[in-house]
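Me: Please take a close look at one part of this model, the run of paired strands early in the chain, and set it against the chain as a whole.

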Amino acid sequence: MCPAVSVLSQPYTFSTIAGLAGSSGSSDGTNSTARFYFPGGIAVDRAGTLYVADIFNHTIRKIAMFGSNQVVSTVVGLAGVAGFADGTNSEARFDHPNGVAVDPGGNLFVADHYNQTIRKISPDGTNWVVTTLAGLVDHRNHNDGTNSDARFYSPTDITVGEDGRLYVTDTANFTIREVSPLGTNWVVTTPVGLALNYGFLDGTNDQAQFDYPYGIAASPAGALYVADWGNHAIRQITRFGSNWSVITIAGLSGLMGSADGTGPKAKFYFPNGIAVDSQETLYIADQFNHTIRRITPPSKKDWLASTIGGMPLQSGIADGVGNDARFNKPFGIAVDIAGNVYVADYANHTIRKGVPPWGSAPSLQIVLSATQSILSWTANATNFFLETASVLSGSWTPVTNGISLSADSFLLTNSASSPAAFFRLRLR
């Protein structure tokens, strides 16, 4: 069996990649010459390009990496000018955009917080075109419906599911909304929560209760994860046929704190941003603790929360490893395919990068022939282990037999007559 070493207590190394702490502004530029004004939601595409909802600039920014440099540009909106207008590039207007997401085609989606709308930003050559998908400016409510017939109340974050549907934390409605494409239209429904009925309750559909849900992330396995800000808790939402089930996987309403641990033993203090990687590991911007948290999925029963950056209740600005790093009300968070974590450090007006202690995630190589399949991965990835599942959305089981070490790689050889299966490497 592949040896496993727990790295849950090992810290990440954080550095500032764009912006300058204590210096707000709207300048485009490279690294610390760029300026942000309370950056909020952040998303990363498959190429490693970052997109940031620059809240008080009322713009969407792009951070493209060129070698060791990060080049910041403004995609849409006009810095310092709040409003509402569809259009191209700087002709478009937003009003405190909070959340941003990116789909595999490079389209951006924005939760336009004060405009009560959901916007789409489509690349068109070197231009970006903004359209409104759902909601009506200056009309806040909780109506389901199509396009502008739908109503939102301070939508905060947005994510794109594997099926292309959008999911939104409709914060002041205390609900989670689904925005589904139907031809050229977008249909808005409420999968979980009951409008204006806040609280803390696990359950199905509108029986579930939230208290100012902020961050939301969709996993490759189809689950949704929510940073339930007012409840100091992390919630999981799973679809079962036409129903949706909500459970609490970490934290407990009314019990704020900073403790690491399993399930309800873990404590949070107004968690805001949330991201999920391909291994179903969660990353949390624990806003009022000024820390970055990591929650690993259970091997048996409970999810395990740990702190990977920052010191609880100590705000500041410092690059460094683990507890030596300092943040000031971190807002949005994203994770790339290599396992690097990106944080919109809201009150520091900066974008931070966290590199895991094991470096980049190893890739799983598969070689097929007429008689067998051979899976291989680098032997120095001792903190990962192999799992298998018969269906992608099913339960994953550790592979405990048949793994061998050859040169600098672990190998697993399967006969071509073996049943079809999925495999993944999971971090312990």
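Reply: The model is predicted, and the description below should be read with that in mind.

The part in question involves strands β4, β5 and β6. Strand β4 covers residues 50-54 and strand β5 covers residues 59-66; the two run antiparallel and are joined by 5 bridges. One pair in this ladder is Asp 54 of β4 with Thr 59, its bridge partner in β5. The connection between β4 and β5 is a hairpin with 4 residues between the strands. Within that turn, His 58 has a positive phi of about 60°.

Strand β5 also pairs with β6, which spans residues 69-76. This pairing is antiparallel as well and extends over 7 bridges. Here Lys 62 has Ser 73 of β6 as its bridge partner. The hairpin of β5 and β6 has 2 residues between the strands, and Gly 67 takes a positive phi near 65°. Strand β5 is thus paired with β4 and with β6. As a general point, side chains in a regular strand alternate between the two faces of the sheet.

As for the setting, the protein chain has 37 strands and 0 helices. Its radius of gyration is 21 Å, close to the 22 Å that the globule rule gives for 428 residues, so the chain is as compact as a globular protein of that length. Along the principal axes, the C-alpha atoms fill a box of roughly 60 × 50 × 50 Å. Of the 428 residues, 54% count as buried. Taking contacts between residues at least 6 apart in sequence, 49% join residues that are at least 24 apart.

Thr 350, in strand β30 (residues 350-355), gives a local example of such burial and contacts. Thr 350 has a relative accessible area of 0%, and therefore counts as buried, the cut-off being under 20%. Beyond its neighbours within four places in sequence, Thr 350 is in contact with Thr 16, Ala 18, Gly 19, Leu 20, Ala 21 and Pro 39, and also with Val 343, Ala 344 and Asp 345.

On the outside, the protein chain exposes about 17,100 Å², of which carbon and sulfur atoms supply 51%. The chain carries 26 positive and 32 negative side chains, and the centres of these two sets lie 5 Å apart.

Notes. Residues numbered from 1 in each chain as written. Predicted model: local features only at pLDDT ≥ 70, side-chain atom pairs only at ≥ 80, totals over all residues. Heavy atoms only, no water. Rg over C-alpha atoms; globule rule 2.2 N^0.38 Å. Buried < 20%, exposed > 50% of the residue type's maximum accessible area, 1.4 Å probe, protein only. Contact = heavy atoms within 4.5 Å. Areas by Shrake-Rupley, 256 points an atom, 1.4 Å probe, with all protein chains shown as cover. Lys, Arg positive; Asp, Glu negative; His and termini not counted. Charge placed at Lys NZ, Arg CZ, Asp CG, Glu CD. Pairing = 2+ DSSP bridges.
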